[in-house]
Amino acid sequence: MKLKLRVLSCAAFGFFTAVSWQGATFAAEPGDAQAQIKRGQYLVGFGGCNDCHTPKVFTPQGPQPDASRLLSGHPSGAALPEFPAGIIGPDKWGAVTNNDLTAWFGPWGVSFTKNLTPDKKTGLGGWTADNFIKTMRTGKHLGDGRDILPPMPWSSLNVLSDDDLKAIFAYLQSVKPIENEVPQPIPPRM
Ligand code: HEC
């Protein structure tokens with residue numbers, strides 16, 4: 001009888017340790033994911049991604065990132081100011097930008113900052129971390145598409161480790177998805 005009780009209590013102990021062990025691993029995962037997103041947010045802040053990829057609101061202190069359109073890229077349908085002829089060249093200006101830094105005019109034509117939110121249709125909703133890493137490592141869309149145009153600083157992101165790039169991607173996937181179809185670049189005028 002005594003022996004039986006001991007066996008039972010051992011079994012019970014085993015059961016409880018298994019449960020609490022499982023509980024511990026389950027609890028660790030969301031915490032790790034949160035830490036990864038926080039690290040990504042920190043790197044995105046340092047990397048100045050909002051300067052170019054977030055439309056601005058105009059305040060007495062100058063243009064500030066519009067928190068309601070965070071990282072959604074050049075606003076679809078926004079009117080572009082006229083491009084002054086003959087101001088870009090080796091002994092002239094290198095590039096001109098619109099007033100919220102989402103459209104850039106230079107020797108490469110006009111580039112528009114992409115929608116980095118996880119919207120499936122118009123943002124990075126369909127991308128994987130691997131797509132993002134390949135793009136930043138090669139400077140080509142998805143690793144084998146067209147060259148990414150200036151002033152996207154992909155070669156500065158290329159020095160980051162895979163873990164840091166994964167953290168940036170995890171943060172980008174955690175922001176509010178915003179539907180905003182960014183126009184295709186305009187080729188240079190010959
Ligand atoms: C100085 C402005 C500028 C900054 C800063 C900037 N970007 Fe960009 N980014 C651009 C422009 C312009 C494009 C569009 C380039 C093109 O169409 O080829 C772009 C494109 C991208 C793309 C899309 C590439 C593709 O293949 O579709 C990703 C992803 C991206 N940027 C991520 C980031 C991240 C993350 C940061 C911050 C670490 C960042 N960008 C900072 C200007 C910038």
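This briefing describes the surroundings of a ligand and the setting of one helix in the structure above. The model is a predicted one. In it, 22 residues surround the ligand, while helix 5, which covers residues 162–174, is crossed by helix 3, made up of residues 129–138.

**Around the ligand**

- Of the 22 residues that surround the ligand, the closest are Gly47, Cys49, Cys52, His141 and Met152.
- Helix 2, spanning residues 49–53, supplies four residues to this shell, which is the largest share.
- Sorted by class, the shell around the ligand holds 13 nonpolar residues, together with seven polar and two charged ones.

**Helix 5 and its length**

- Helix 5 has 13 residues and, at 1.5 Å a residue, should span 18 Å, a value that agrees with the 18 Å between its end C-alpha atoms.
- The buried residues of helix 5 are Leu165, Ala167, Ile168, Phe169, Ala170, Tyr171, Leu172 and Gln173.

**How helix 3 meets helix 5**

- Two packed helices are described by the distance between their axes and by the angle the axes make.
- The axes of helix 3 and helix 5 come within 9 Å and cross at roughly 120°, and helix 3 is therefore oblique to helix 5.
- The crossing in which helix 3 passes helix 5 is right-handed.

**Gln173 in helix 5**

- Gln173, which is found in helix 5, counts as buried because 20 other C-beta atoms lie within 10 Å, and a residue is buried at 20 or more.
- Gln173 and Leu116 are separated by 57 residues in sequence, and in space they are 8.2 Å apart, C-alpha to C-alpha.

Technical notes
Residues numbered from 1 in each chain as written. Predicted model: local features only at pLDDT ≥ 70, side-chain atom pairs only at ≥ 80, totals over all residues. Near = placed C-beta within 6 Å. Helix = DSSP H or I, 4+ residues; strand = E, 2+ residues; numbered from the N terminus. Nonpolar A, V, L, I, M, F, W, Y, C, P; charged D, E, K, R; others polar. Expected span 1.5 Å × (residues − 1). Buried ≥ 20, exposed ≤ 12 C-beta atoms within 10 Å, placed from the backbone. Axes fitted to C-alpha atoms, helices over the stretch in contact; angles between N-to-C directions. Parallel < 35°, antiparallel > 145°, perpendicular 65-115°, else oblique. Left-handed = near helix turned anticlockwise from the far one by under 90°.
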